[in-house]
Amino acid sequence: MRTIDAQDVVSASKFNRFHLLVFAWCFYLIGFDGYDIAMYGVGLSSMMAEWNLTPIQAGAVGSYSLIGMMLGALVLSPLADKFGRKNAIVLCMFLFSAFTLAAGFAPNLIWFTVMRFISAIGMGGLMPNCISLMTEYSPKKNRPILVGSIYIGYALGGILASLIGMFLIQQTSWRVLYYIGGIPLLTIPLFIKYFPESLSYYLARKQIGKVVDILNKVKPEGNFKETYDYKLAEAANESKGFPVKKLFTNKRAFSTIAFWMAVFCTMMIVYGLNTWLPKLMQDVGFSMKSSLSFNMVVSFGQIVGTLVGGYFANKIGHKWVLVTSFVLGIAAFIGMSLTSNIAFVYILIFLAGVGTFGGMNLANPYIAEYYPREIRATGSGYSLAVGRIGSILAPTLIAMLITTGIDTKVAFALFAVPCILVALGYLLVQEKYASFDKVMEEGDVKAESIVSQ
């Protein structure tokens, strides 16, 4: 009987319409993640004026939402590895879109905070599951740039929120941002119909028909049949046990802690900038419209950093691309503390987006693939959950700094500190204990080496 390793078939496959389908859905969903995060900062000044909020109150609301994201990642990621990642994403889509829409109708701060908290639970579970599924269904040679590129959607979502802030809020209200955030609610039926569940989920439950259907889409020339041996016993055995515990077995504990430190500091940078960059720039003297343009520059930097870094990940090593990205971030933030030239400020903010936001995108496939396939959602989810602690702290810490009257240039220089810790974290990762997928080079004979007759 012909024996097939289904996951290796995917890793050795060529990019086709099936991969594009998975990418398009993940891109779309992550795009609303980026939109959701950016829209709070974009509408913050108008909201503060309408409800007469202090910076501390505004920072606290942002932090409560991030607590919801942390809980979503902690709870929904291991559940997804057990009960299906597609099922988890459907739940996440409903939570973040329905309650974001409800937040737009909030009559007061308490209502708004509760709605944002519930929507954030869905958002927290969404990201690790999209990462793990995109990692699972990406050809090995395209994986860094494909998984990283779904975060171009994140950047475009941020750009969309900024454009709405620049051209619609002054004519309407900050609430329009939240009405638009409810759009994914309408697309849930299409997602259920067209998006695939995880291969590891089907294998563990011996759903051979589903496995064969997916493999014939991934590699149409493979002519896979239900009579083949798909190593079901091995898949079922791998799925046993508590996923979180497996993050610390087989000498993975040290690297798990290193990932957590790196993601914690990354989230401090990203969410601190997303929440307060427009406000900081207004404090320097820029108009609201000009200040929001800096958000767009960061987002464009994120796109460039993701594409360029993804290209080089397979050439010089994913780990070294990440370290280089955050070294660039260090230089950019220090540079921002030393210049007042507007042209240089735009360039440095762009480079900060390349290094830190782009680095965040590229870290996700690296972390996911480090872990065995059956716990990738948990590995990604718990790294992000720990990172959420940094994202929770950042808005409030920056708000506290603002109330002290700290010079804005000094505030930007402080962003270099977490960048140093991120670079150190990735340097400490022990790749020799990783579970990176390994496949042969393409070619009819070599590709066949992933299966045995």
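Modeller: Let's begin with a term we will need: a residue is exposed when its relative accessible area is over 50%, buried when it is under 20%, and partly exposed in between. Please keep in mind that this model is predicted.

Biologist: Thanks! Is lysine 251 buried or exposed?

Modeller: Look for lysine 251 in the loop between helix 12 (243–246) and helix 13 (253–284). Its relative accessible area is 59%, and the cut-off to pass is over 50%. Lysine 251 therefore counts as exposed.

Biologist: What value is phi of lysine 251 near?

Modeller: Lysine 251 is a residue other than glycine, yet its phi is positive. The value is near 60°.

Biologist: Asparagine 52 has a positive phi too. Where does asparagine 52 lie, and is it buried or exposed?

Modeller: Asparagine 52 is not a glycine either, and its phi is about 55°. You will find it in the loop between helix 2 and helix 3 (55–83). With a relative accessibility of 65%, asparagine 52 counts as exposed.

Biologist: Now the cysteines. How many disulfides does the structure hold?

Modeller: Cysteine 26 is in no disulfide, and the nearest cysteine sulfur to its own belongs to cysteine 130. Those sulfurs would have to be within 2.5 Å, but they are 4.4 Å apart, so they are too far for a bond. Across the structure, the number of disulfides is 0.

Biologist: Are cysteine 26 and cysteine 130 buried or exposed?

Modeller: Cysteine 26 has a relative accessibility of 0%. Cysteine 130 also comes out at 0%. With the limit set at under 20%, cysteine 26 and cysteine 130 both count as buried.

Biologist: Cysteine 130 is part of a helix contact. At what angle do helix 5 and helix 6 pack?

Modeller: Helix 5 covers residues 109–136 and helix 6 covers residues 143–167, and their axes are 9 Å apart. The crossing of the two is right-handed. The angle at which they pack is about 145°.

Biologist: How many nonpolar residues are in that contact?

Modeller: Helix 5 brings Met127, Cys130, Ile131, Met134 and Thr135, while helix 6 brings Arg143, Leu146, Val147, Ile150, Tyr151 and Tyr154. By class, 1 of these residues is polar and 1 is charged. The nonpolar residues number 9.

Biologist: Let's turn to the rings, with 25 aromatic pairs in the whole structure. What kind of pair do tyrosine 28 and phenylalanine 32 form?

Modeller: Both residues sit in helix 2 (residues 17–51), 4 residues apart, which means about one helical turn separates them. Their ring centres are 5.4 Å apart and their planes lie at 75°. An angle over 60 degrees is the cut-off here, so the pair is edge-to-face.

Biologist: Which of these two rings belongs to a buried residue?

Modeller: Tyrosine 28, at 24% relative accessibility, counts as partly exposed. A relative accessible area of 13% makes the other residue buried, and that residue is phenylalanine 32.

Biologist: And what kind of pair do phenylalanine 326 and tyrosine 426 form?

Modeller: This pair links distant parts of the chain, 100 residues apart: phenylalanine 326 is in helix 15 (residues 318–336) and tyrosine 426 in helix 19 (residues 416–427). Phenylalanine 326 is buried at 0%, and tyrosine 426 is buried at 1%. The ring centres are 6.4 Å apart with 35° between the planes, and the pair is tilted.

Key. Residues numbered from 1 in each chain as written. Predicted model: local features only at pLDDT ≥ 70, side-chain atom pairs only at ≥ 80, totals over all residues. Heavy atoms only, no water. Buried < 20%, exposed > 50% of the residue type's maximum accessible area, 1.4 Å probe, protein only. Axes fitted to C-alpha atoms, helices over the stretch in contact; angles between N-to-C directions. Left-handed = near helix turned anticlockwise from the far one by under 90°. Contact = heavy atoms within 4.5 Å. Nonpolar A, V, L, I, M, F, W, Y, C, P; charged D, E, K, R; others polar. Phe/Tyr/Trp six-rings, centres within 6.5 Å; stacked < 30°, edge-to-face > 60°.
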